[in-house]
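Visitor: I am new to this structure and would like to know the reasons behind the terms used for it. Please take me through a few of them.

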Number of protein chains: 2
Amino acid sequence: MSTTVIDFLAIKIACRQCSLQQLCIPQGLDQTDLEQLETLIERPSPVQRGQRLFREGDRFRSLYALRSGSFKTYCLGEDGSEKIFGFHLPGELLGLAGVGDGRHRATASALETSSVCELPFDRLQKLADQLPSLNHQLQRIMSRAIARDQEILLLLGDRTAQERLAAFLLNLVQRLGKRGLSTREFNLSMTRQDIANYLGLTLETVSRTFTQFQKDGLLQVDRRLVRILDRSGLTTVAGCSSDFTSSLGPSPQG
Amino acid sequence: MSTTVIDFLAIKIACRQCSLQQLCIPQGLDQTDLEQLETLIERPSPVQRGQRLFREGDRFRSLYALRSGSFKTYCLGEDGSEKIFGFHLPGELLGLAGVGDGRHRATASALETSSVCELPFDRLQKLADQLPSLNHQLQRIMSRAIARDQEILLLLGDRTAQERLAAFLLNLVQRLGKRGLSTREFNLSMTRQDIANYLGLTLETVSRTFTQFQKDGLLQVDRRLVRILDRSGLTTVAGCSSDFTSSLGPSPQG
DNA sequence: CGGGCACTTGAATCATCTCAAGGTTTGTGG
DNA sequence: CCACAAACCTTGAGATGATTCAAGTGCCCG
């Protein structure tokens, strides 16, 4: 037992061998910069479903790079209801919204057992002050987070339930594809309630829309398992430029 | 005539004397850093109502700090319809979403005659590489833009027309107040259509809601002129934490 | 003075929500 | 291994807030 623990803690963080390199911070950094980056990364133990990485209002200390699994980020309303800002997949950075004023602006909760790399922000910032390439990469990542949010706003702006769900699913497969997973069949790690919340709909409407898509031969749905039968049909239903569906990302990262 | 032009071009940009210092990039920078920042700032001629600072798809070259006036940022849908991401007031930075991939992600259009400072990004970045304090300020600004977007999502998530409009107005007066303007009476620089679009409603619904607020004694409205009669009543209608209304800012900056 | 634009108001329609009930899966303890 | 509870999902019927369509007013600008 103790050996297991020791072995686990002894794992060297090697961005250079990580399959998510091109999606994560290392993108665009050279070998020597990467080596320095690796020295500051910590790896906490895996996060179980429902467990939180940080909470709304927590002191902001670290950014988190998702290695495996998935998260949702949300805030609680006055009445205790959640509002979900985004779902996050491996390679994405969580916590960016906390940089601004030193407090996390959302809660990040694991949708399934997940693992993350922790990047203590003071050390990351210090390193970025010395490595322009790392600095620029951080700028790019933050800017993209802003751009993605615009696209979520597009989605929520003035669209029907069908358009929203179709766009959501297309975005999801597109992001899964980038991570080397199937773009035809996948498992939703979030509940209908979560999807509804994110899309500004009710649970029932999401459920009905899934059923409708199935009747229309666009999808085959079995609880959390979704198979896309007619991608172009789905794109038509989404009713927006491929540009949009291809770039719609997660909401601001906690 | 030519003297006018020459005089205009000769105006020295002095962040140190700018009243927006505390809202804009200079916040937190010391004298010497500010002097260096001033050297790279350009001031284009004033932008007339309807004129665009940059357009969706344009090559990203500069950030723009708004000195006076106001802007909206939006994207065009396939059918030519706009989707407005935000309204921008003096001291705010436009164009942040373009850093990520070198293209502007939205169009920035002046709602009234406005003036801006242009910050060529290559020079700004180079300077930030040398001045950690400037760099950190840029990080803060981008992070806050992400955080603000979360709050817009909260607003659009699941709220009635009344809640949305009340929250919108409260946010606006709050931002105007920070700029030393009246928090009881102000002029809307955007049309009902723009507000509707931003809030995910129709023009008619916004108009009706204004009328309703007036009947309820919350506001006095005369075309674009709005006077707030019952701030706390409006807060109640907005139905969200003061925390939220106080921090809801503009959408991602173009 | 006239034309256009922004805004207001009304009535009917519609998409989504709400409320309610039932079904399935999963996990837990006996 | 079974019974049971909890969580999740589906489906239906009725209610409702917002939209759509339509008409009309007032203001600004040429």
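Guide: One definition comes before the rest: Ala, Val, Leu, Ile, Met, Phe, Trp, Tyr, Cys and Pro count as nonpolar, Asp, Glu, Lys and Arg as charged, and the others, Gly among them, as polar. The model is predicted. By those classes, the surface near DNA strand D divides into 5 nonpolar, 7 polar and 6 charged residues.

Visitor: What makes a residue count as near DNA strand D?

Guide: Its C-beta atom, placed from the backbone, has to lie within 6 Å of the strand. Around DNA strand D there are 18 residues, and the closest are T191(A), S207(A), T211(A), T160(B) and T205(B).

Visitor: Which helix gives the most to that surface near DNA strand D?

Guide: α7(A) does, with 6 residues. For DNA strand C, the helix that gives the most is α7(B), with 6 residues.

Visitor: Why are α2(A) and α3(A) called roughly antiparallel?

Guide: They pack at an angle of about 160°. Angles over 145 degrees count as roughly antiparallel, and therefore α2(A) and α3(A) are given that name. Their axes are 10 Å apart, and the crossing is right-handed.

Visitor: Which residues make the contact of α2(A) with α3(A), and how do they divide by class?

Guide: α2(A) brings Q36(A), L37(A) and L40(A), while α3(A) brings R123(A), L124(A) and L127(A). By class, the contact has 4 nonpolar, 1 polar and 1 charged residues. Leu counts as nonpolar and Arg as charged.

Terms used
Residues are numbered from 1 along each chain as its sequence is written. Chains are lettered from A and ligands numbered from 1 in the order in which they are written. This is a predicted model: local features need pLDDT of at least 70, side-chain atom pairs count only at pLDDT 80 or more; totals for chains, interfaces and linings use all residues. Axes are lines fitted to C-alpha atoms, for helices over the stretch in contact, and angles run from 0 to 180 degrees between N-to-C directions. Helices (H or I, at least four residues) and strands (E, at least two) are DSSP runs, numbered from the N terminus. Angles under 35 degrees count as roughly parallel, over 145 as roughly antiparallel, 65 to 115 as roughly perpendicular and the rest as oblique. A crossing is left-handed if the near helix is turned anticlockwise from the far one by less than a right angle, and right-handed if clockwise. Two residues are in contact if their C-beta atoms, placed from the backbone, lie within 7 Å.
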